[in-house]
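Here is a friendly walk through one protein chain, meant to be read with the model open beside you. We start with the annotated domains and then visit a helix pair and a few single residues.

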Amino acid sequence: MKELNGSQMISEALKEEGVKVVFGYPGGAALNIYDETYKQNYFTHVLTRHEQAAVHAADGYARASGEVGVAFVTSGPGFTNAVTGLATAYSDSIPLVLISGQVATSLIGTDAFQEIDAVGISRSCVKHNYLVKNIEELPRILKEAFYIARTGRPGPVHIDIPKDITAATGNFEYPKDISIETYKPTYKGNARQIKKAAEMIEISQRPLLYIGGGAIASGASEILREFAKKSGIPAISTLMGLGVLASDDELNLGMAGMHGSYAANMALSETDLLIALGARFDDRITGKLSEFAKNAKIIHIDIDPSSISKIVNAHFPIVGDVKNVVSELSERLGYEPERFRPWREILARYNSLYPLKFTDSDEILKPQWVIKKTAEILGDNAIISTDVGQHQMWVAQFYPFNEPRTLVSSGGQGTMGYGLPAAIGAKWAKSDKVVVNFTGDGSILMNIQELIVSVISQKPVINIILNNNFLGMVRQWQTFFYESRYSNTDLSFQPDFIQLAQSLGGVGYRVKTKEEFEKALKDAVASGKPALLDVAIDRFENVLPMVPAGAAIYNMILDDKGQR
């Protein structure tokens, strides 16, 4: 046991937790924390240029590495700027610890300079939060925060620390183990329920695996690949579950939902047994609930008991870690990959009837071609981040994700401005990988200042702007549902992205042809510098298929004329 001040306790705790990098932005209430950060040599601090970006970078680091991401911010607007990052991580179950400075305990409640009720604000978008009231409880709180963030259903944890607590001294003994009476995640599934699930698979004719982000969080990719191969059960994925099965696996029908493949959505509509694996039945997947998988029994496997039957009633609920439960379930099933061949042949016909496709052009670049060509050039040595909009869905449809943790994207919140800082975080996690951020001309401007962070930290990321001079996804909705009234979505006036990239210390490429794109991407990779490719694409290209909001998942718009 040693006597340390609060700021030293934070550094020691991060050392004990194996934290290698912290993203953040200083301010008055966090000055003691930052002074100690200057003195320590346990972790690297990366100064972002906005607090939102700091949390997104920690989020990207966590998604790419599987470790807990960490960020520091100050009080007041420093914290409120970080809330978007917390909400993004919370929606997608990403393990983070955010440490915010707070005004001194004697000033709390007095409307002091840069005082805000950070704990009250964060309560709805974190897994747990703390306001530290005395130095004696700080070591325990730090240990609990990391434990809660990474265990069970992962998520962000917020610790708000008053400035006087960061200066106060106390005895520091970091707990080796943690036990929270009211928090006991269940990792092993109920044997009786697993037995029932196996019996249902045995009598099913059209079973379907529904893979969500929880499968990645549990490290279940390998066991799920084995299970699918052994059982012969076809699979669909959420955006967050891409990469669990290889993109070219014959059992993989791709992403389902609003912009899912025709075969995946029809499989959801015609299955008689839906096996949900770490998925939460988001509205973008279910469409009209009364029509969703209405002929199916539901097996729902999730470590979070509150997610089961929250939206879709589970006939066979199994609370437990996906990896553990699937392993036990697999042991109860024989090797019968041919048993469901008739079902797979039906789905194969759906896929051949309406495959994911686009009409290529030599006159103007199609975004789908750009994405496919990027994958061809980079192979499997890449991590892909995205912002949010049409480009995100095109990436989900056309980029071949063959491993988990190779897609870094905001799913539940759909956060524009996420891609670049998240890509920087991913590059810190996997410096040996090429990290590419697909973005739009709307999204990139929301956090483009972070390109300078990529330059200074020597963690180069490549940003591919699929530039259609529109807020593309909103424009698409306006085309289909608002009689082409493009209210405040036209972005025809934009900065010179090439000069902007250069002014921030990166390199820029203007791209209008296929030849220019191939050369620019190869040059960007070879340069070893943060890069921005401004790629002019077809302005009115749509993401198809598309399920209109509130429609049944099988009721898809299949062409640019709105035909279903």
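UniProt positions are given in the numbering used here, feature names are shortened, and annotations may be inferred rather than shown by experiment. This is a predicted model, in which local features need pLDDT of at least 70 and side-chain atom pairs count only at pLDDT 80 or more, while totals for chains, interfaces and linings use all residues. Residues are numbered from 1 along each chain as its sequence is written, and side-chain values use heavy atoms, with hydrogens and water left out.

**Annotated domains**

An unreviewed UniProt entry gives residues 5-120 as "domain: Thiamine pyrophosphate enzyme N-terminal TPP-binding". The unreviewed entry also assigns "domain: Thiamine pyrophosphate enzyme central" to residues 194-329, and "domain: Thiamine pyrophosphate enzyme TPP-binding" to residues 387-535. The table shows the make-up of each span; helices (H or I, at least four residues) and strands (E, at least two) are DSSP runs, numbered from the N terminus.

| Residues | Helix | Strand | Distance between end C-alpha atoms |
|---|---|---|---|
| 5-120 | 46% | 18% | 26 Å |
| 194-329 | 35% | 20% | 6 Å |
| 387-535 | 38% | 17% | 15 Å |

**A pair of helices**

How do helices α3 and α4 pack against each other? Helix α3 (residues 51-65) meets helix α4 (residues 77-91) at an angle of about 30 degrees, and their axes are 7 Å apart. Axes here are lines fitted to C-alpha atoms, for helices over the stretch in contact, and angles run from 0 to 180 degrees between N-to-C directions. The two helices, α3 and α4, are therefore roughly parallel to each other, a term for angles under 35 degrees.

On the α3 side, the contact (heavy atoms within 4.5 Å) is made by E51, Q52, V55, H56, D59 and R63. From α4 come G78, N81, A82, T84, G85, L86, T88 and A89. By type, the residues of this contact divide into four nonpolar, seven polar and three charged. In this scheme Ala, Val, Leu, Ile, Met, Phe, Trp, Tyr, Cys and Pro count as nonpolar, Asp, Glu, Lys and Arg as charged, and the others, Gly among them, as polar.

**A buried glutamate and an exposed start**

Is E144 buried or exposed? E144 counts as buried because its relative accessibility is 11%; buried means under 20% relative accessible area and exposed over 50%, with partly exposed in between (1.4 Å probe, protein chains only). E144 sits in helix α6 (residues 138-150). Leaving aside neighbours within four places in sequence, E144 touches Y130, I178 and I180.

M1 lies in the segment before β1 (2-5) and is exposed, with a relative accessible area of 70%. Apart from neighbours within four places in sequence, M1 is in contact with N171, F172 and E173. The C-alpha atoms of M1 and Y174 are separated by 8.6 Å, although these residues are 173 residues apart along the chain.

**Backbone details worth a look**

Two residues other than glycine have positive phi. Q458, with phi of about 55 degrees, belongs to the loop between α18 (451-456) and β18 (462-467); Q458 counts as exposed because its relative accessibility is 67%. E483 has phi near 50 degrees and is found in the loop between α19 (472-481) and α20 (497-503). At 66% relative accessibility, E483 also counts as exposed.

Lastly, L544 and P545 are joined by a cis peptide bond, with omega about 0 degrees. P545 is in the segment after β20 (531-536).

Key: Parallel < 35°, antiparallel > 145°, perpendicular 65-115°, else oblique.
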